[in-house]
Amino acid sequence: MTTSFFKANHYNMQHMYNIYDTNEEIHKLKINENSILDFLLKRKQYFSNFLSLIFKSSYEKFLNDIEYTNITLFLPINEGFKNFNINNINKSRAIELVSSCILNDRIISEIFQTTKAAYYFSRNRSNKILLQIDDKITINKDIIVLQKNINLENGIIYIINKPIMPYLI
């Protein structure tokens, strides 16, 4: 059984945030309410490591877009990065890590559960994700889905216990 970390509110508004990137520069972004980026910024104490990779990889506008973006994001919690030094990850590696956690379509867990195991290709087309369903959803045999089906304007989020590593896929 999964525990509920968060509930997403459904509003279509925008907010301004001062966002610090890894160089401590301030970026002014108009954040779409109930976008994936809005969800992350409001909960950055849980997802600050992945949020740092998003800005390093320049995925912030993509995850804020509610008009053309409709994805599935496997979102790792901060504790999953305990063996990482986020500051040492360069932009190209950040792109690989972030894109490996994104599927190009919105997929609810009930679709995953139509089979015991299935492969999906991540946004980085050379990577595929193995999803296995038993009493819980696992990814690539060792990543556990902690919460599923967080619906937002531009996608759906699955909170996972650690990041999906592109070279292990």
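In this predicted model, I139 touches F74, I129, L130, L131, V145, I160 and I164, leaving out residues up to four places away in sequence. That list makes a handy way in, since several of these names come back below. I139 belongs to the largest nonpolar core, a set of 49 residues, and is one of those that touch the most other members, along with F50, L53, L63, L73, F74 and I157. Helix 2 supplies the largest share of this core, with six residues. As a general point, nonpolar side chains in soluble globular proteins tend to be buried together.

Stepping back to the whole chain, there are five helices and nine strands. Read along the sequence, they come in the order β-β-α-α-α-β-α-β-α-β-β-β-β-β. Of the 169 residues, 49% count as buried. Among contacts with a separation of 6 or more, 60% are accounted for by residues 24 or more positions apart.

Strand 3, covering residues 71-76, is a good place to look at the sheet. How many of the six residues of strand 3 are buried? Six of the six are, so to speak, under cover: strand 3 counts as mostly covered, and each residue falls under 20% relative accessible area. In a regular strand, side chains alternate between the two faces of the sheet. Here, I71, L73 and L75 sit on one side, with T72, F74 and P76 on the other, and both faces are covered. Two of these residues, L73 and F74, already appeared among the core members that touch the most others, and F74 is also one of the residues that I139 touches.

Strand 3 has partners too. With strand 9 (residues 155-160), strand 3 pairs in the parallel sense over six bridges, and P76 has I160 as its bridge partner there. With strand 4, the pairing is antiparallel and runs over two bridges; in that pair, T72 stands opposite L103.

Strand 9 also pairs with strand 8, this time in the antiparallel sense over five bridges. I160 turns up again in this pairing, as the bridge partner of V145. Strand 8 and strand 9 form a hairpin with two residues between them. Strand 8, which spans residues 143-152, is joined in turn to strand 7 (residues 137-139) by two antiparallel bridges. In that pairing, T138 has I144 as its partner in strand 8.

The hairpin of strand 7 and strand 8 has three residues between the strands. N140 lies in this loop and takes a phi near 50 degrees, a positive value in a residue other than glycine. Most residues other than glycine have a negative phi. Is N140 buried or exposed? N140 counts as buried because its relative accessibility is 19%, and the cut-off for buried is under 20%. S58 is another non-glycine residue with a positive phi, about 65 degrees in its case. S58 lies in the loop between helix 2 and helix 3 and, at 42% relative accessibility, counts as partly exposed.

Helix 2 brings the story back to the core. F50 lies in this helix and is buried, with a relative accessible area of 1%. Which residues does F50 contact beyond its neighbours within four places in sequence? They are L73, L75, P76, F81, V98 and C101. Of these, L73, L75 and P76 are buried residues of strand 3, while V98 is a buried residue of helix 4. The C-alpha atoms of F50 and N78 are separated by 7.4 Å, although the two residues are 28 residues apart along the chain.

Helix 4 (residues 91-99) has A94, L97, V98 and S99 as its buried residues. What covers them includes helix 2 (44-56) and strand 4 (102-103).

Helix 3 (residues 60-64) holds a charged residue, E60. E60 is buried yet has no salt bridge. The nearest side chain of opposite charge is K61, at 5.9 Å, and a salt bridge needs the charged atoms within 4 Å. Leaving aside neighbours within four places in sequence, E60 is in contact with L29, L37, I54 and F55.

Finally, the aromatic rings form five pairs. Ring pairs link F39, Y46 and F47 into a cluster.

Conventions
Residues are numbered from 1 along each chain as its sequence is written. This is a predicted model: local features need pLDDT of at least 70, side-chain atom pairs count only at pLDDT 80 or more; totals for chains, interfaces and linings use all residues. Side-chain values use heavy atoms; hydrogens and water are left out. Helices (H or I, at least four residues) and strands (E, at least two) are DSSP runs, numbered from the N terminus. Buried means under 20% relative accessible area, exposed over 50%, partly exposed in between (1.4 Å probe, protein chains only). Lys and Arg count as positive and Asp and Glu as negative; His and the chain ends are not counted. Contact means heavy atoms within 4.5 Å. A nonpolar core is a set of buried Ala, Val, Leu, Ile, Met, Phe, Trp, Tyr and Cys residues joined through side-chain atoms within 4.5 Å. Two strands pair if DSSP finds at least two bridges between them. Rings of Phe, Tyr and Trp (its six-membered ring) pair if their centres lie within 6.5 Å; planes under 30 degrees apart count as stacked, over 60 as edge-to-face and the rest as tilted.
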